[in-house]
Amino acid sequence: MEINSVRIRNGNTELMTIDANGNVGIGTDDPDNKLHISDADDVYIKLTDENGGDSFFVGVDNNGLVFSEDSIGTYRMVINEGGNVGIG
């Protein structure tokens with residue numbers, strides 16, 4: 001048995017794809033890296049320490065690549081498209 005891809009859907013909406021190369025796509029049906037996340041709006045990954053309850057976000061929004069603590073929009077660092085870095 002050969003599997004070309006695995007697709008998870010909700011009705012006609014594709015939620016996640018694992019292609020034949022093992023690439024995982026969330027929000028895309030054609031992932032081109034091991035993890036490819038795509039959305040029409042901002043995209044964030046939430047990292048949480050379950051013991052201490054701290055949360056951090058890494059994402060892409062209209063400001064660039066952003067690093068936030070506890071809530072989206074409370075930036076700790078931003079790298080914009082021009083490569084400029086803002087800290088604090």
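How many helices and how many strands make up the secondary structure of this chain? The answer is zero helices and nine strands. Keep in mind as you read that this is a predicted model.

## The chain as a whole

Let's start with the overall picture. Read from one end of the sequence to the other, the pattern is β-β-β-β-β-β-β-β-β. The C-alpha atoms fill a box of roughly 50 × 35 × 25 Å, taken along the principal axes. The radius of gyration of the chain is 16 Å, while a compact globule of 88 residues would have one near 12 Å.

Two further values round out this view. Buried residues account for 18% of the 88 residues. Among the contacts in the chain with a separation of 6 or more, 1% are between residues 24 or more positions apart.

## The four-stranded sheet

Now for the sheets. One of them is an open sheet of four strands, in the order β1-β2-β3-β4, and its pairing is mixed. At its edges are β1, residues 5-10, and β4, residues 35-37, each of which pairs on one side only. Neighbouring strands of this sheet are turned against each other by 15° on average, direction ignored.

Look next at β2 and β3 within this sheet. Strand β2 covers residues 13-19 and strand β3 covers residues 24-26; the two run antiparallel and are joined by three bridges. You can find one of the residue pairs by looking for T17, whose bridge partner in β3 is G25.

## A threonine in a loop

Follow the chain past β3 and you come to T28, in the loop between β3 and β4. Is T28 buried or exposed? With a relative accessible area of 16%, T28 counts as buried, because the cut-off for buried is under 20%.

What does T28 touch? Leaving aside residues up to four places away in sequence, T28 touches E14, T17, H36 and S38. T17 is also the residue whose bridge partner in β3 is G25. The side chain of T28 also reaches the backbone nitrogen of D30, at 3.2 Å.

## The five-stranded sheet

There is also an open sheet of five strands, with the order β5-β6-β7-β8-β9 and antiparallel pairing. The edge strands here are β5, residues 43-48, and β9, residues 85-87, and each of them pairs on one side only. From one strand to the next, the twist averages 10°.

Strand β6 is a good place to linger. It is joined to β5 by six bridges, and the two strands run antiparallel; one pair to look for is K46 with its partner F57 in β6. Together β5 and β6 form a hairpin with six residues between them, and G53 in the turn has a positive phi of about 80°.

## The other side of β6, and its two faces

Strand β6, residues 55-61, is also joined by six bridges to β7, residues 64-69, and these two strands run antiparallel. They too form a hairpin, with two residues between the strands. G59 has V66 as its bridge partner in β7, and F56 stands opposite E69 in β7.

Which residues of β6 point to one face and are buried? They are S55, F57, G59 and D61, while F56, V58 and V60 point to the other face and are not buried. Try tracing this alternation along β6 in the structure.

## Salt bridges

The count of salt bridges comes to three. E14 takes part in a network of them that links R7, R9 and E14. In the pair of E14 and R7, the closest N and O atoms are 2.9 Å apart; in the pair of R9 and E14, they are 3.3 Å apart. E14 is partly exposed, with a relative accessible area of 23%, and R7 is partly exposed at 37%. You have met E14 before, as one of the residues that T28 touches.

Another salt bridge brings together the side chains of R76 and E69, at 2.9 Å from N to O. R76 counts as partly exposed, with 40% relative accessibility, and E69 is partly exposed at 23%. E69 is familiar too: in β7, this residue stands opposite F56.

Notes. Residues numbered from 1 in each chain as written. Predicted model: local features only at pLDDT ≥ 70, side-chain atom pairs only at ≥ 80, totals over all residues. Heavy atoms only, no water. Pairing = 2+ DSSP bridges. Axes fitted to C-alpha atoms, helices over the stretch in contact; angles between N-to-C directions. Buried < 20%, exposed > 50% of the residue type's maximum accessible area, 1.4 Å probe, protein only. Polar contact = N/O pair within 3.5 Å; in protein donor to acceptor, adjacent residues only side chain to side chain. Contact = heavy atoms within 4.5 Å. Salt bridge = Lys/Arg side-chain N within 4 Å of Asp/Glu carboxyl O. Rg over C-alpha atoms; globule rule 2.2 N^0.38 Å.
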